[in-house]
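Please open the model in your viewer and keep the sequence panel visible. The tour below proceeds by selections, each followed by an account of what is found there.

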Amino acid sequence: MSVNKVILVGRVGKPAEVRTAGESKVASFSLATTEKYKDSKTGEWKENTEWHNIVCWRNTAELAEKYVQKGMLLYIEGKLRTRSWDDKDGNKRYVTEIIADVLQFLEKKQDSQSAPAPAPDPQ
């Protein structure tokens, strides 16, 4: 048995970019998670920010297209996927992405519209 499960809570780095793959919509955006800790040697508070590549398919992609904005706080559940390709110079390139199954908005939009209710699990 194996498990591939990711849970993230973080802020959107850029609005979702949407494209079509066959007949399905695909949305992608970046999400920042920040860890704050106290340095044991200096006693200073430090921050470490990780950037994650988020990919949403079908209904979840449509939600991302309509509502995901830079700076929003999101809860995401999904799985890790690493893919590779050869660039134009023949070098092998890799990218690790989170394939989002669940996308929940944890705060309202800054403007007059409010964020939608949590997205239903597409399965």
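Select Glu97 in this predicted model; the residue belongs to strand β6. Is Glu97 buried or exposed? Its relative accessibility is 6%, and Glu97 therefore counts as buried, the limit being under 20%. Now display the side chains of Arg81 and Arg83 as well. The side chain of Glu97 is joined to that of Arg81 by a polar contact of 2.5 Å. A further polar contact, of 2.9 Å, links the side chain of Glu97 with the side chain of Arg83.

**The second largest pocket**

Keep Glu97 and Arg83 selected and add Ser28, Ile54 and Val55. These five residues lie nearest the centre of the second largest pocket, whose lining comprises 14 residues. A general remark applies before the space itself is inspected: a probe the size of a water molecule, rolled over the atoms, shows where empty space is left. The second largest pocket holds about 190 Å³ of space. Which strands supply its lining? At least two lining residues come from each of β3, β4, β5 and β6. Colouring the lining of this pocket by class gives six nonpolar, three polar and five charged residues.

**The chain as a whole**

Return to a cartoon view. The chain contains six strands and one helix. Traced from the N terminus, the order of elements is β-β-β-β-α-β-β. Of the 123 residues in the chain, 35% are buried.

**Strands and hairpins**

Begin with β2, residues 17–21, and its partner β3. The two strands pair in the antiparallel sense, over five bridges. Within this pairing, select Thr20: its bridge partner in β3 is Lys25. β2 and β3 form a hairpin with two residues between them. In the turn, Gly22 shows a positive phi of about 70°.

While at β2, select Glu17, which is located in that strand. Glu17 has a relative accessible area of 46% and is therefore partly exposed. Measure from its C-alpha atom to that of Ala61: the two residues are 44 positions apart along the chain, and their C-alpha atoms are separated by 9.4 Å.

Next, follow β3 into its pairing with β4. How many bridges join β3 and β4? There are 13, in the antiparallel sense. Val26 and Trp57 in β4 stand opposite each other. The hairpin formed by β3 and β4 has six residues between the strands, and Gly43 in its turn has a positive phi of about 80°.

Then bring β6 into view beside β4. In which sense do β4 and β6 pair? The pairing is parallel and extends over four bridges. To find a point on it, select Cys56, which stands opposite Ala100 in β6.

Move on to helix α1, where Arg58 is located. Check its backbone torsions: Arg58 has a positive phi of about 50°, although it is not a glycine.

**The largest nonpolar core**

Hide the polar side chains and select Phe29, Ile54, Val68, Leu74, Ile76 and Leu103. Among the 20 residues of the largest nonpolar core, these touch the most other members. At least two core residues come from each of β1 (6–12), β3 (24–38), β4 (45–57), α1 (58–67), β5 (73–86) and β6 (92–105). Which element gives the largest share of this core? That element is β6, with four residues. Ile54, already selected for the pocket, thus appears in both views: among the residues nearest the centre of the second largest pocket and among the core members with the most contacts to others.

**The segment after β6**

Finally, select Glu107, in the segment that follows β6. Glu107 has a relative accessible area of 28% and is partly exposed. Show Arg11 and Leu73 alongside. The side chains of Glu107 and Arg11 are joined by a polar contact of 2.7 Å. A polar atom of the Glu107 side chain also lies 3.3 Å from the backbone nitrogen of Leu73. Along the sequence Glu107 and Leu73 are 34 residues apart, and in space their C-alpha atoms are 6.3 Å apart.

Methods. Residues are numbered from 1 along each chain as its sequence is written. Side-chain values use heavy atoms; hydrogens and water are left out. A nonpolar core is a set of buried Ala, Val, Leu, Ile, Met, Phe, Trp, Tyr and Cys residues joined through side-chain atoms within 4.5 Å. Buried means under 20% relative accessible area, exposed over 50%, partly exposed in between (1.4 Å probe, protein chains only). A polar contact is a pair of N or O atoms within 3.5 Å; within protein, one must be able to donate a hydrogen and the other to accept it, and residues adjacent in sequence count only if both atoms are side-chain atoms. Two strands pair if DSSP finds at least two bridges between them. On a 1 Å grid over the protein atoms alone, a cavity is a set of points where a 1.4 Å probe fits but cannot get out, and a pocket is an open set with protein on both sides within 12 Å along at least five of seven lines; lining residues have an atom within 4 Å of a point. Grid points are joined across faces, edges and corners, and a volume is the space filled by probe spheres set on the points. Ala, Val, Leu, Ile, Met, Phe, Trp, Tyr, Cys and Pro count as nonpolar, Asp, Glu, Lys and Arg as charged, and the others, Gly among them, as polar.
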